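This briefing concerns the structure shown below. It begins with one residue and its contacts and then turns to the chain as a whole.

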Amino acid sequence: MEIARPQFGTRFLTDPRQVFQHNAWDNVEWTDEQEAAAKKKVSENSQPLPTEKQEEYNSRANEFWNDFYTIHENRFFKDRHWLFTEFTELAPQSTASHKCQSELGADAYGAAATYRILEVGCGVGNTVFPILKTNNDPGLFVYCCDFSSTAVELVKANPDYDPGRCLAFVHDLSDVEANYPFPDETLDVIVLIFVLSALHPDKMQASISRLARLLKPGGVLLLRDYGRYDMAQLRFKKGRCLSENFYVRGDGTRVYFFTQDELHQLFTEACLEKIQNMVDRRLQVNRGKQLTMYRVWIQCKYRKPICHPGETEGKT
């Protein structure tokens, strides 16, 4: 029987001399000196690019992501084996959780489903395919979308893609006027894994608010994304900053680094209630090269309130 991956936050480094005994350590506290050095590094490389360059990266975002997936294809695929430990909502659910289902048209994809999941920013299927393989609930239907048409084509070409259980489609999360292939209040779970950070900060609030409308009352939004002062942020050189904590990579794709408070505000402004909002500070180790790498990620779960008779929808 396969042993489940331990939940984040269970392996602690108590003796610095043992740092190279494992590949990673959880909840590693930073010293005041480390945090000061990180802030200094970010400040030194925070001069924004000229407006015309920023506009170019914004207007060509689709092109850059298509190029990314054309180059990497499925070589970028990583089976996210930690998903079901951290986000139990993606695992098979009890029948009790399938009550009060919203109806879709008889001809709609997923019309007969009793549990519907949407992954936004699905890439080549790093999250979708583990869900389909692990969750054998006959009532499950998984929708997945990506900004990149190349990524969606790769998902559909995967031998594990089953149109009877999954629908992949192209969608721009930041275009809040664009239609989804299902009505509002029909989803049980929405998944955002390292995708919100790719949006321009000015478009994040409207995008989250639009997603919140898709959730059923009681439905949850799950997020994991880059945290402030993550190793990836500290590695950016001068000439890569677009705006405060927002950068462009060498391949033209963009990334933002969040704080817990920023994400909490985005979700609560969309009338979602906090279940979880935590920082995962991990020390990753390259034992061969004797290198240490400090990662900072943020993990969130927020729920759409269940409105009882007499209550106003959206009340917080």
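Leaving aside neighbours within four places in sequence, Leu-118 is in contact with Tyr-143, Cys-144, Cys-145, Phe-169, Tyr-180, Phe-182, Leu-187, Val-189, Ile-190, Val-191, Leu-211 and Leu-214. Apart from the core around Leu-118 lies another core, of 10 residues, which includes Ala-38, Val-42, Tyr-247 and Val-255. The model is predicted, and the confidence values are therefore given at the end of this briefing.

**Nonpolar core**

- The largest nonpolar core has 67 residues.
- Within this core, Leu-90, Leu-118 and Leu-211 touch the most other members.
- Leu-211 also appears among the contacts of Leu-118.

**The chain as a whole**

- The protein chain has nine helices and 11 strands.
- The chain has 316 residues, and 47% of them count as buried.
- Among contacts in the chain with a separation of 6 or more, 74% come from residues 24 or more positions apart.
- The accessible surface amounts to about 16,100 Å², and carbon and sulfur atoms hold 49% of this surface.

**Asn-66**

- Asn-66 is located in helix H3, which covers residues 61–72.
- Asn-66 counts as buried because its relative accessibility is 13%, below the 20% cut-off.
- Not counting residues up to four places away in sequence, Asn-66 touches Ser-148, Ser-149 and Thr-150.

**The sheet S7-S8-S9**

- Three strands form an open, antiparallel sheet in the order S7-S8-S9.
- Strand S7 (241–243) and strand S9 (254–256) are at the edges with a single partner strand each, so one side of each has no neighbour in the sheet.
- On average, neighbouring strands of this sheet are turned by 30° against each other, direction ignored.
- The antiparallel pairing of S7 with strand S8 (residues 246–248) runs over two bridges.
- Ser-243 has Phe-246, in S8, as its bridge partner.

**Confidence of the prediction**

- The mean pLDDT of the protein chain is 83, and 78% of the residues reach 70 or more.
- Among the elements of the chain, helix H9 (residues 260–269) has the highest mean pLDDT, 98, and strand S1 (residues 24–25) the lowest, 50.
- Over residues 95–100 pLDDT stays under 50, and the model has five contacts beyond four places in sequence for this stretch.
- Residues 312–316 also stay under 50 in pLDDT, with eight contacts beyond four places in sequence in the model.

Terms used:
Residues are numbered from 1 along each chain as its sequence is written. This is a predicted model: local features need pLDDT of at least 70, side-chain atom pairs count only at pLDDT 80 or more; totals for chains, interfaces and linings use all residues. Side-chain values use heavy atoms; hydrogens and water are left out. Helices (H or I, at least four residues) and strands (E, at least two) are DSSP runs, numbered from the N terminus. Buried means under 20% relative accessible area, exposed over 50%, partly exposed in between (1.4 Å probe, protein chains only). Contact means heavy atoms within 4.5 Å. Accessible areas come from the Shrake-Rupley method with a 1.4 Å probe; for residues, only the protein chains shown count as cover. A nonpolar core is a set of buried Ala, Val, Leu, Ile, Met, Phe, Trp, Tyr and Cys residues joined through side-chain atoms within 4.5 Å. pLDDT is the predictor's confidence in each residue, from 0 to 100. Two strands pair if DSSP finds at least two bridges between them. Axes are lines fitted to C-alpha atoms, for helices over the stretch in contact, and angles run from 0 to 180 degrees between N-to-C directions.
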